[in-house]
Every structure is written in C-alpha cells, then in structure tokens.
Amino acid sequence: MSTVTSAELDLSADGTLLHRGSPDSAWWRSAVIYQIYPRSWADASGDGVGDLPGITAHLPYLRNLGVDAVWLSPFYTSPQADAGYDVADYRDIDPLFGALDDAKTLVSQAHSLGIRVIVDLVPNHSSDEHEWFKAALAAAPGSPERDLYMFREGKGDDGSQPPNNWQSVFGGPAWTRVTEADGTPGQWYLHLFDPKQPDFNWENPAVRAEFESVLRFWLDLGVDGFRVDVAHGLIKEAGLPDWTGAMNMLDLTDLDKQHPPMWDQDGVHEIYRGWRKILDSYNTTGDAANDRAMCAEAWVDPPERAALFVRDDEFHQAFNFDFLQTPWRATDLREVIASSYAANDKVGAPTTWVLSNHDVVRHASRLGLPIGTPRPNGIGADDAQPDAVAGLRRARAATTLMLALPGGAYLYQGEELGLPDHTTMPDAVRQDPTFARTHGKELGRDGCRVPLPWSKDEPAFGFNRTGNAWLPQPTVYGDLAVDQQEGVAGSTLELYRELLRIRKERDLGEGALSVLDEGADVLAARVETRAGTTQVLVNFGAEPVEIPSGATVLVASEPDVDTTLPTDTAVWFTV
Ligand code: GLC
C-alpha cells in the first residue's frame, strides 16, 4: 500500500459537492443529542436501576461535555418487559425512575444548563398492563375496547391457528391467543415485538386522539421534542397478508425484494403530519429557538423511503441507520455519506448521524470485529471477541469523522468514554426478551446497556453508592470510568469534549460538504461554514498519510498527530 503524500492530496481540488448546507439554522438541524438510557446512567436510589434524580444530579457533566440536548429512553410506568418500551401509562413515571415531579425538575435543570430535553414516545404498542388492554381483554370480541388493538379471529375451524404467519421481531409468533371471559380459547392479538407489547390499532380515531393528547401532555410539561419509537410500524397493510421475509431487528433494512406488510406503509405519514401541527403550535413566537422537534426511528430502505418521513410537514429528523451499519471502509463511507445527503437534501431535511444506541453493539466493539462482519445482535463469551484496541481506535476516528459532518448527531451514553459492549456477559443475567424468545440464538442487546462507570474505586464504579447493578459491569469499565479520563490528555472523554467544542466554534453541524476521491485508503472531506473551511482526513490504510504542509491541526482522534496521520486515525485541520 502506498503512502499518500501531501503533493498527491490536492486539497484545492474542487472535490464533489455532496451537500450545500441549509439557509435555515434551526437548532435541530445541527444539534448534538446525547441519548440517556435511564436504567443505566446514574442511580440515586441505589436499587441498581438508574433513575431521574440520578440523571438530574449529573447534568453538569453533560454541560461540560458540550451537548445540545438529551434524549431519554422511556421512563414511563411499565412492567419493564422490554426495558420500558412497554408502556402502561404514558402520562406517568415508573416508581423505578422516580415521579412526575422528578421529570419536571430534570427538565427545568437541563434548561437552566442550556440543554434541551427530548423524550421517547412509543406509539406502536403499549404494555399488556395498560388500562386499555386490560379492558380489551375483559370485553367481548367485536367490542370498542378490542378495536383499540389488533384482535383477530384465528384460522382453522376452531380458530386455533394464528390469523397470519407473521413472526415477532424478538422471535416466535407475532400473535398470542387470549382466553375469553367464559374460559374458552378466543381471539388472537398482534404484537410485532413481545407478547407483553400489544400493537395498537391506528385505524381507530380514539388511538390517534389519545396520542395527540399524550404529545400535548409532555409538551405542556416543557419537553423540547420526541424520539418516536418504531415510527415505520403503526399502520399495517389492509388484510394483514402473510409475509415470509425477515422480521428480526437486524434485517429490517434488508427488505428490497418486496414491501413487508407491517412496515413503512404510506398511511403512517398522515399521522405524523397531524403531530407536526401540534408541535408547531407550541412555538408561539415563531423563533426557531422555540421549535419543538421530533425524530423518527424508522428502519426503512432505501434512503429515499426514509426521507419521506422528514418532509417539511412531518418529522424534523430521522435516524440514519445506514451510516451506523456501514463497514469501516473509505469507499463505503463515502457512498453512504453521499446517499444520505442526496436523499435528505431533496426534501430539505437535515441528515442525522449515529454510531451507537441501546439496540446495537457499541461502535468501540463493533468496529473491532473483522471489517465487513455483519452487525451482530450481541456478542457473547463463546463468540470471537472483538479486537478492543483496533475497535476503540476506529471508534474514535469514526466519531471524529461523524462530528465533522453537517447535520445532527446522536451520541449514546458512554461512547464518550470509549466503552465497549460487555462481550462476556453470563447468559443467566441477560434480560433482553430476544434472548429467551429465540432460545438464546440471538443474544440481544444487554451488552450495550450496562450501567455507566463514573469512578473507578467506588461500588458499581460510582453508578450508585450501594454497588447494586441490574446488569453486571465488565472489569474494563473501571479504567474507563469518568474519573479516570477527566482532565487526562488523550483520553476518549477529552477527545469528545474537544470535538464538540471545536464543532461549535467552527459551526460544523451546518455548512457545505465536499469530498475528494482519494481511493480506498483515505477519506478526505471539506466542510465550509461561516467560520471558514475545515478539512477532515481519515486514514483507513496500513501506511501513514502525510498531512499537507502548512496545515494547522485542530484535533485528531489519536494523540501526537502532527505531520502524518497513522492508520485508523482521523484529523480536522485548517490550511
Ligand atoms: C425500538 C427500540 C427498542 C425496542 C423496540 C420495541 O426499536 O429502540 O429498544 O425494543 O423499539 O419498542
């Protein structure tokens, strides 16, 4: 492999303009949003599960990190069958996490620190312990109560076969049969996820009215927006036809053969147009700083379908899962960056970027697997272990690239510490319903959900004062704890702080982006903003790359980058 010299790297070349930038600088177009998984961030009560007072107490950490907003995964009343994505009461807090007053305090404290708060809305399904579902079970087939969910008669003379062949995302059938009031086996209800997560019937106006009211409830409480769970699932194809394609969380984007009847139906868009009107009505001044924003979790393909969710009267943002799933290769990344801008620019929407969240193996682990390995659903002790050193190095470079790209960016708690997944977790402690429903075939998502390490020498690494933790922390988390990295030059935490500080200083979330075609080893991009031109270079090759002479390095993903850029390293510089 040859070294690219500064002479070969012609930074004055025009490159390919992939994105012109937007004249509109609303906050949600460029915000860095930090995902808090409340179960695992900070536990003030000491019961082993994180809580809202824990979050509030640590908000200054996020101000110092330099993020613009937080997104909180669900904290609502819930039996926790799917870690809170099974909601029993959309207007209250589960006692595990605190009370409504704690949410109010959290929101007002965050606001006083200049941090916006986005909450998770779960509209596709409720918990089976939701009052509506309990009433539906108690009521007769054909009743208005049953019509709030997806009840159907079974097939066969005695109705003993499920209404269709759909499988649930977590494994096993997507239908469960109920016992009627007279004790006889009865109708079936649909659950695209766990049996404890019955799907709502979004054709019923009462469901629509209820969720509009829930939106208003949280907007009235002061939140700045919503992350909308499974936004592509609410409407199902009429007649619920059989489907033999993939259903699991990994393959939802691999659906190009035929349109699956349970995902990405056109009917969902009308729902979001209604929601957008509600959000807009809360901006009474018209100043973009008062915009309330919503982000779609929509695992759809191709990017043009995803872009439909972010037309200017629907969502403000949608997660860009294509970027997250792209192998660590310059050509693949260039391609996905290009296609992401092409699709979103067509509808005037910002692109978002994300590398980790609570549903996927953390990027410090994922990128330590052989390049091109399909994204696994969890890594276990019996699996080939990721190369931790290469993984962290690539993760830092990937984040350095991501945070230079115009658009919004999502960070997942703990990635700023370079945390890996817990990749040797004992099966006995796994809690993701996927594990049990697939009989261990899919390990599931527990490895990325482990409680955060705050201080090396305290119980549960400072997650709380008691040492309880709902999932065990791997020993490597001790050396990665916040107190081991704060103020330490070259630490991942200080790298993130530096990246976020310079991103703000140079307006990098906004602006225009061009890429230079530098082949398979180097990704070179130029971001032009009001603050000037920032160059970004990532080296994927085995040989070091020379940084052009005269360049001023702003920040690099590894310490001591000066004139050359080593393998798996990214740099921002000006010339
Ligand atoms: C989303 C959530 C995931 C949850 C699922 C069902 O994909 O991110 O954690 O299990 O929806 O609500």
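Here are a few worked exercises on the predicted model above.

Before you start, residue numbers run from 1 along each chain as its sequence is written. Since this is a predicted model, local features need pLDDT of at least 70 and side-chain atom pairs count only at pLDDT 80 or more, while totals for chains, interfaces and linings use all residues; side-chain values use heavy atoms, with hydrogens and water left out.

**Exercise 1: domains and cores**

Task: Work out how the protein chain is divided, and where the largest nonpolar core lies relative to the domains.

Solution:
- Start with the split: domain 1 covers 26-126 + 204-497 and domain 2 covers 131-190, with bounds from an automatic or database domain assignment.
- Next, take the centres over C-alpha atoms: they are 31 Å apart.
- Now look at the contacts (heavy atoms within 4.5 Å). Here 24 residues of domain 1 meet 20 residues of domain 2.
- Then find the largest nonpolar core, which has 141 residues; Y34, L62, W218, F226 and Y272 touch the most other members. A core of this kind is a set of buried Ala, Val, Leu, Ile, Met, Phe, Trp, Tyr and Cys residues joined through side-chain atoms within 4.5 Å. Buried means under 20% relative accessible area, exposed over 50%, and partly exposed in between (1.4 Å probe, protein chains only).
- Helix α5 (residues 205-221) is the top contributor to this core, giving 7 residues. Helices (H or I, at least four residues) and strands (E, at least two) are DSSP runs, numbered from the N terminus.
- Both domain 1 and domain 2 give residues to the core, so it lies between them.
- Finally, don't miss another core, set apart from that one: it has 16 residues, including V169, V230, M247 and W263.

**Exercise 2: the two sides of α3**

Task: Check the span of α3 against the expected value, then sort out which residues are buried or exposed.

Solution:
- Helix α3 (residues 100-112) has 13 residues and reaches 19 Å from its first C-alpha to its last, close to the expected 18 Å. That expected span is 1.5 Å times one less than the number of residues.
- The buried residues in α3 are A103, L106, V107 and A110.
- They cover an arc of only 95 degrees around the axis, so they sit on the same side of α3. The arc is taken from the directions from the helix axis to the C-beta atoms.
- Flip to the other side of α3 and you'll find D101 and S112 exposed.
- What do the buried residues pack against? Their partners are α1 (52-57), α2 (59-65), β3 (69-72), β5 (89-93), β6 (116-121) and α5.
- Just after α3, G114 takes a positive phi of about 80 degrees.

**Exercise 3: salt bridges**

Task: Find out which parts the R91 and E210 pair ties together, then set it beside the R501 and E498 pair.

Solution:
- First the rule: a salt bridge needs a side-chain nitrogen of Lys or Arg within 4 Å of a carboxyl oxygen of Asp or Glu. The count comes to 37 salt bridges.
- R91 pairs with E210, with the closest N and O atoms 3.0 Å apart.
- R91 is in strand β5 and E210 in helix α5, so this pair ties together parts that are 119 residues apart in sequence.
- As for accessibility, R91 is partly exposed at 25%, and E210 is buried at 17%.
- Now take R501 and E498, whose closest N and O atoms are 3.0 Å apart. Both residues lie in helix α15 (residues 492-505), 3 residues apart, about one turn of the helix.
- R501 is partly exposed at 41%, and E498 is partly exposed at 28%.
- To finish, there's a network of salt bridges linking D82, D359, D432, R445 and R449.

**Exercise 4: two residues in one loop**

Task: For L452 and R465, decide whether each is buried or exposed, and list what each touches.

Solution:
- Place them: L452 is in the loop between α12 and α13, and R465 is found in the loop between α12 (433-437) and α13 (476-479).
- L452 is buried, at 0% relative accessibility, while R465 is exposed, at 72%.
- Leaving aside neighbours within four places in sequence, the contacts of L452 include Y34, W41, L417, F461 and Q473.
- L452 and W41 are 411 residues apart in sequence, yet 5.5 Å apart in space, C-alpha to C-alpha.
- Not counting residues up to four places away in sequence, R465 touches A44 and P459.
- The C-alpha atoms of R465 and P260 are 48 Å apart, with their positions 205 residues apart along the chain.
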